[in-house]
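Here is a friendly walk through one model, meant to be read with the structure open beside you. Take a moment to load the view before reading on.

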Amino acid sequence: MTGRRGALIILEGVDRAGKTTQCTKLVQALRARGRAAEMMRFPDRTTKIGQMISLYLEKKINLEDHTVHLLFSANRWELAPLIKKKLEQGVSLVVDRYAFSGVAFTSAKPGFGLEWCKNPDVGLPKPDLVLFLQLSPAEAARRGKFGDERYERTDFQKTVLQRFEQLMKDPSVNWQVIDAARSIDELHQEILRHSEAAIEQAANQPVAEL
Ligand code: T5A
Ligand code: NA
């Protein structure tokens, strides 16, 4: 690797915490400051695997729970070479959900432990920063009705939040918890500050693995 690499920055959180809104604003702000930055999202519904996941989320097909967990992970693995290439080219990636969503959502289902859920993602590029947009289920509900997609139910989302809280205890991941109940601009400023710091820190280090 020559020169500075980009940083892998993930936004996580329960549904409607504002991840997509903030990812878009962050990429714009980084670019305006002269930094190379691009957005990605998981699931990436454009690939063959992503199309199956999308049909599953839209409840147009049913898939066995272990199977769909592995498909979400496979969807990250199929993009892993591109992630590594971009980072090495000096492009910072702002990613809407990653392996942590994978683990939190599947392990919220009965009969799934965290360790089993984590295994398929072991070895993926490790994020330099994971911003967790913290929002209570009550606040999320005020942002409008849930849609019709799978998992868009308040009881399930409460369990998902508990699983994220367990994942956030892992000190080997650079978690930053952001109070997402504030205005879009307040959130953005804090996210930008953490992201700038992570980009500086990551620049001269190799990409690690989950
Ligand atoms: N999943 C995902 C798995 O099960 N396994 C996996 O491995 C992965 C990767 C994907 C689903 O798949 C599951 C998790 C999910 O259930 P998705 O396509 O990521 O779902 O979900 P979306 O429906 O696109 O996004 P979310 O519902 O999570 O919403 P966001 O992105 O958090 O929120 P956003 O930015 O779209 O904002 C929601 C609304 O709130 C407003 C916005 O204008 C919008 O109306 N808003 C605010 N309002 C007030 N104050 C603020 N600060 C606001 N910020 C945004
Ligand atoms: Na979103």
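The notes below go from the ligand shell to a helix, then to the strands, and end with some backbone details.

**Around the ligand**

Please keep in mind that this is a predicted model. A good place to start is ligand 1, which is surrounded by 22 residues. The closest of them are Gly18, Thr21, Phe72, Gly102 and Phe105. Three elements each give two or more residues to this shell: helix H1 (19-32), helix H4 (99-107) and helix H8 (184-202). By character, the shell holds 9 nonpolar, 8 polar and 5 charged residues.

**Helix H1**

H1 deserves a look of its own. It is built from 14 residues, and the distance from its first C-alpha to its last is 20 Å, close to the 20 Å expected at 1.5 Å a residue. Which residues of H1 are buried? They are Lys19, Gln22, Cys23, Leu26, Val27 and Leu30. Looking down the axis of H1, you would find these buried residues within an arc of 135°, so they line one face of the helix.

What covers the buried residues of H1? The cover includes strand E1 (8-13), strand E2 (37-41), strand E3 (92-96), strand E4 (129-134) and H8. H8 is also one of the elements that give two or more residues to the shell around ligand 1. Just after H1, Gly34 adopts a positive phi of about 85°.

**The strands**

In E1, 6 of the 6 residues are buried, so this strand is largely enclosed by the rest of the structure. Leu8, Ile10 and Glu12 point one way from E1, while Ile9, Leu11 and Gly13 point the other way, and all are buried.

E3 is mostly covered too, with 5 of its 5 residues buried. From E3, Ser92, Val94 and Asp96 point one way, and Leu93 and Val95 point the other way.

The pairings involving these strands can be set side by side.

| Strand pair | Sense | Bridges |
|---|---|---|
| E1 and E3 | parallel | 4 bridges |
| E1 and E4 | parallel | 5 bridges |
| E2 and E3 | parallel | 5 bridges |

If you would like to trace these pairings on screen, some residues make handy markers. Between E1 and E3, Ile10 has Val95 as its bridge partner. On the E4 side, Leu11 of E1 stands opposite Leu131. For E2 and E3, look for Met39, whose bridge partner is Val94. Val94 and Val95 point opposite ways from E3, just as Ile10 and Leu11 do from E1.

**Backbone details worth a look**

Most residues other than glycine have a negative phi, and most peptide bonds are trans. Some places in this model depart from that pattern.

Arg16 is not a glycine, yet its phi is positive, at about 75°. This residue sits in the loop between E1 and H1. Is Arg16 buried or exposed? With 22 C-beta neighbours inside 10 Å, Arg16 counts as buried, since the cut-off for that is 20 or more.

Lys59 also has a positive phi, near 65°, and is likewise a residue other than glycine. You will find Lys59 in the loop between H2 and helix H3 (65-88). Lys59 is exposed, with 10 other C-beta atoms within 10 Å.

The peptide bond from Phe42 to Pro43 is cis, with omega near 0°. Pro43 belongs to the loop between E2 and helix H2 (48-57).

**Ala140 and its contacts**

One further residue ties back to the loop that holds Arg16. Ala140 lies in helix H6 (residues 137-142) and is buried, with 21 other C-beta atoms within 10 Å. Leaving aside residues up to four places away in sequence, what does Ala140 touch? Its contacts are Val14, Asp15, Arg16, Ala17, Leu135 and Gln157. By contrast, Val173 lies 33 residues from Ala140 in sequence and 25 Å from it in space, C-alpha to C-alpha.

Technical notes. Residues numbered from 1 in each chain as written. Chains lettered and ligands numbered in written order. Predicted model: local features only at pLDDT ≥ 70, side-chain atom pairs only at ≥ 80, totals over all residues. Near = placed C-beta within 6 Å. Nonpolar A, V, L, I, M, F, W, Y, C, P; charged D, E, K, R; others polar. Expected span 1.5 Å × (residues − 1). Buried ≥ 20, exposed ≤ 12 C-beta atoms within 10 Å, placed from the backbone. Arc of directions from axis to C-beta. Contact = placed C-beta atoms within 7 Å. Pairing = 2+ DSSP bridges.
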